[in-house]
Amino acid sequence: MKITDLGELSGNLLLFGGVYSNLHALNALIEWADAAQIPAQNVICTGDIVAYCANAAEAVTRVRDWGCPVLKGNCEAQLAEGADDCGCGYDDGSQCSLLSRAWYAHAVSTVGASDKDWMADLPDRMIFRHGGLTYAVIHGGASDISRFMWSTTSTKEFRQEINILQSEVGKIDRVVAGHSGIGFTASVDGKIWLNAGAIGMPAHNGQQETSFVTVDSKGINNNYLNYDALAQAKEMQRVGLVQGYDQALLSGYWPSEDNLPVELRVQQTG
């Protein structure tokens with residue numbers, strides 16, 4: 001396991017993940033960070049630069065050029081290993097598992113060897129200090145890179161994951177995580193588990209805008225990212241990625257709910 005210590009960070013933080021090969025959203029986020037004067041070293045990525053959308057190689061190049069710290073997500077781990085699938089943790093035979101085959105194959109064919117080598121060397125954990133608090137960054141869970149942790153997950157399960165994480169990196173105050181694609185904040189025994197959400201796909205809420213988090217002297221802030229979703233959907237259609245995620249960018253609803261806890265499923269109409 002590779003653990004990277006980013007040291008003491010000062011100033012505002014920007015926390016994000018789930019670029020999902022959505023270059024239009026990534027460019028919008030970088031523009032937002034530049035306007036907010038948040039330097040790249042204060043921008044933390046929880047992984048999964050590559051996934052559903054059309055611009056896998058371009059998104060990786062853009063992130064690498066930006067220079068922000070990046071954690072290894074399951075998609076980076078699988079691409080680096082030359083695996084046959086994304087390793088997202090979907091149930092076998094689920095709609096999400098079936099839909100992942102097309103975009104993963106597209107990513108395998110477009111991401112170059114040097115970028116896959118870069119992915120292989122990304123850290124599995126990052127830690128840093130900010131505002132007197134110690135943060136640890138993971139992808140899914142501490143027990144499994146692809147573990148889905150939701151706002152509905154039990155306190156007992158959060159506690160177990162935090163205990164595992166602290167056995168690896170030492171005492172922490174906050175966990176920054178990704179993977180599930182829907183942001184949330186949970187309080188566990190005085191510690192905060194913060195899922196930064198995803199910038200590359202809507203949060204299954206009927207809105208095109210996506211989400212990321214900032215941390216400043218006033219606390220944790222949920223932010224919403226507006227970008228040209230139609231242009232990204234057209235780019236997906238141009239390369240044949242028409243399994244449903246192209247329409248999800250426009251409708252704000254994922255093409256399947258079968259990976260979501262029942263409490264987070266919505267009744268789609270229209």
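User: Which residue stands opposite Leu225 in S10?

Analyst: Happy to start there: Thr210 is the one facing Leu225 of S10. Keep in mind that this is a predicted model. Thr210 belongs to strand S9, residues 210-216, and S9 runs antiparallel to strand S10 (residues 219-225) over seven bridges.

User: What makes S9 and S10 count as paired strands?

Analyst: The cut-off is at least two bridges found by DSSP. S9 and S10 have seven bridges, so by that cut-off they pair. They form a hairpin, with two residues between the strands.

User: How do you know that S2 and S9 pair?

Analyst: By the same reasoning. Strand S2 (residues 13-16) and S9 have three bridges in the antiparallel sense, and the cut-off is at least two. One of the bridge partners is Thr214 in S9, which goes with Leu14.

User: Why is S9 called largely enclosed by the rest of the structure?

Analyst: A residue is buried when its relative accessible area is under 20%. Six of the seven residues in S9 are buried, so the strand is largely enclosed by the rest of the structure.

User: Good. Let's turn to the helices. Why are H1 and H2 called roughly parallel?

Analyst: Their axes cross at roughly 15 degrees and come within 9 Å. Angles under 35 degrees count as roughly parallel, and therefore H1 and H2 are described that way. H1 covers residues 23-35 and H2 covers residues 56-66. The crossing of H1 past H2 is left-handed. On the H1 side the contact includes Leu23, Leu26 and Ile30, and on the H2 side Val63 and Trp66 are among the residues involved. By class, this contact of H1 with H2 holds eight nonpolar residues, one polar and two charged.

User: What makes H3 and H5 oblique to each other?

Analyst: Helix H3 (residues 74-81) and helix H5 (residues 113-120) cross at roughly 125 degrees, with axes that come within 8 Å. Perpendicular covers 65 to 115 degrees, and roughly antiparallel needs over 145. The angle falls in neither class, so H3 and H5 are oblique. H3 passes H5 in a left-handed crossing. Glu76, Leu79 and Ala80 of H3 meet Lys116, Met119 and Ala120 of H5. The classes here are four nonpolar and two charged residues, with no polar ones.

User: And why are H2 and H5 called oblique?

Analyst: H2 and H5 pack at about 55 degrees, with their axes 11 Å apart. Roughly parallel needs an angle under 35 degrees, and roughly perpendicular starts at 65. H2 and H5 are therefore oblique. Their crossing is left-handed. Ala57, Val60, Thr61 and Arg64 of H2 make the contact with Ser114, Asp115, Trp118 and Met119 of H5. Four nonpolar, two polar and two charged residues make up that contact of H2 with H5.

User: What makes S1 and S7 the edge strands?

Analyst: Each of them pairs on one side only. The open sheet has six strands in the order S1-S4-S5-S6-S8-S7, with mixed pairing. S7 (184-188) is joined to strand S8 (residues 191-195) by five antiparallel bridges, and Ala186 has Trp193 in S8 as its bridge partner.

User: Which helix lies across S7?

Analyst: That is helix H6 (residues 155-169), running at about 80 degrees to S7. H6 also lies across S1, S4, S5, S6 and S8.

How values were computed
Residues numbered from 1 in each chain as written. Predicted model: local features only at pLDDT ≥ 70, side-chain atom pairs only at ≥ 80, totals over all residues. Heavy atoms only, no water. Axes fitted to C-alpha atoms, helices over the stretch in contact; angles between N-to-C directions. Helix = DSSP H or I, 4+ residues; strand = E, 2+ residues; numbered from the N terminus. Left-handed = near helix turned anticlockwise from the far one by under 90°. Contact = heavy atoms within 4.5 Å. Nonpolar A, V, L, I, M, F, W, Y, C, P; charged D, E, K, R; others polar. Buried < 20%, exposed > 50% of the residue type's maximum accessible area, 1.4 Å probe, protein only.
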